[in-house]
Amino acid sequence: MKKAMSAPCQRKTAKQCTMLAVEPGVITRIYIEEALHPIGVLDFASSGREALENTRHNFYDIVLINLRLPDIRGELVARLMRARQNHAILIATGAEFTDIPFPFDAFISKPLTRGKLLEAIRELL
């Protein structure tokens with residue numbers, strides 16, 4: 001994984017970070033909540049449009065984005081966030097992986113586990 005150089009969360013610990021998980025799958029959302037809720041403030045969005053709306057009104061240090069969303073591709077959601085000067089750490093999640101897609105800072109393969117999520121966040125802080 002590569003480091004996010006300009007992310008504001010770098011000077012914080014995971015316990016101080018605000019996170020958004022963009023995930024339509026109910027089961028995956030449960031895994032994410034169980035893994036990350038104890039270490040920070042966690043919000044959820046089930047679609048790309050909902051994620052973009054959330055990031056318009058809230059600042060997040062870390063955003064997990066499923067690459068396969070029901071309405072907008074995860075990559076496009078991330079590009080739109082970056083276009084708005086959003087400096088959050090963006091982590092892509094998905095079943096298939098070849099390389100970290102631009103503009104993401106990291107990729108976590110599914111199935112998601114607590115260990116994978118926490119390791120990725122620690123490496124990027």
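**View 1. Strand 1, a strand mostly tucked away inside this predicted model.** Of the 5 residues in strand 1, 4 are buried, so the rest of the structure largely encloses the strand. Strand 1 has a partner: strand 2 (residues 41–45) pairs with it in the parallel sense, over 5 bridges. If you want one spot to look for, find Ala-21, which stands opposite Phe-44 in strand 2.

**View 2. The whole chain, for getting your bearings.** Let's step back for a moment. There are 4 helices and 5 strands to find here, and reading along the sequence gives you the pattern β-α-β-α-β-α-β-β-α. The chain has 125 residues, and buried ones make up 47% of them. How many of the contacts between residues at least 6 apart in sequence join residues at least 24 apart? The share is 60%. As for the outside, the chain exposes about 6,600 Å², with carbon and sulfur atoms supplying 54% of that area.

**View 3. Pro-24, in the loop that follows strand 1 and leads to helix 1.** Pro-24 counts as partly exposed because its relative accessibility is 31%, which falls between the 20% and 50% cut-offs. Leaving aside residues up to four places away in sequence, Pro-24 touches Arg-29, Ser-46, Asn-66, Arg-68, Leu-69 and Pro-70. Have a look at Ala-45 too: Pro-24 and Ala-45 sit 21 residues apart in sequence, while their C-alpha atoms are 7.4 Å apart in space.

**View 4. Glu-23 and Lys-110, a salt bridge between two loops.** In this pair, the closest N and O atoms are 3.0 Å apart. Which parts of the chain does the pair link? Glu-23 belongs to the loop between strand 1 and helix 1, and Lys-110 to the loop between strand 5 and helix 4, so look for distant parts of the chain, 87 residues apart. The two ends are not equally covered: Glu-23 is buried, at 3% relative accessibility, whereas Lys-110 is partly exposed, at 24%.

**View 5. Two salt bridges, each within a helix.** The structure holds 5 salt bridges, and here are two of them. Start in helix 2, where Glu-53 forms a salt bridge with Arg-56 and the closest N and O atoms are 2.9 Å apart. Glu-53 and Arg-56 are 3 residues apart in helix 2, about one turn of the helix. Glu-53 is partly exposed, with a relative accessible area of 37%. Now move to helix 3 (residues 74–83), where Arg-79 and Glu-75 are 4 residues apart, and that separates them by about one helical turn. Their side chains meet in a salt bridge, at 3.9 Å from N to O. Arg-79 is partly exposed, at 38% relative accessibility, and so is Glu-75, with a relative accessible area of 27%. Why can such pairs face each other along a helix? An α-helix has 3.6 residues a turn, so residues three or four places apart point the same way.

**View 6. Thr-55, a residue of helix 2 (residues 48–57).** Is Thr-55 buried or exposed? It is buried: Thr-55 has a relative accessible area of 10%, and the cut-off for buried is under 20%. Not counting residues up to four places away in sequence, Thr-55 touches Leu-20, Tyr-60, Met-81, Arg-84 and Asn-86.

**View 7. Helix 4 (residues 114–124) and its buried residues.** The ones to pick out are Leu-117, Leu-118, Ala-120, Ile-121 and Leu-124. Seen down the axis of helix 4, these buried residues fall within an arc of 160°, so they line one face of the helix. What do they pack against? Their partners are strand 1 (18–22), helix 1 (26–36), strand 3 (62–66), strand 4 (89–94) and strand 5 (106–109).

**View 8. A nonpolar patch on the surface.** Four names to find here: Val-26, Ile-27, Ile-30 and Tyr-31 form the patch, and together they have about 420 Å² of accessible area. Ile-30 is found in helix 1. Its relative accessibility is 42%, so Ile-30 counts as partly exposed.

Note on methods:
Residues numbered from 1 in each chain as written. Predicted model: local features only at pLDDT ≥ 70, side-chain atom pairs only at ≥ 80, totals over all residues. Heavy atoms only, no water. Buried < 20%, exposed > 50% of the residue type's maximum accessible area, 1.4 Å probe, protein only. Contact = heavy atoms within 4.5 Å. Arc of directions from axis to C-beta. Patch = residues over 30% accessible without salt bridge, like charges linked within 9 Å, V, L, I, M, F, W, Y side chains within 5 Å. Areas by Shrake-Rupley, 256 points an atom, 1.4 Å probe, with all protein chains shown as cover. Pairing = 2+ DSSP bridges.
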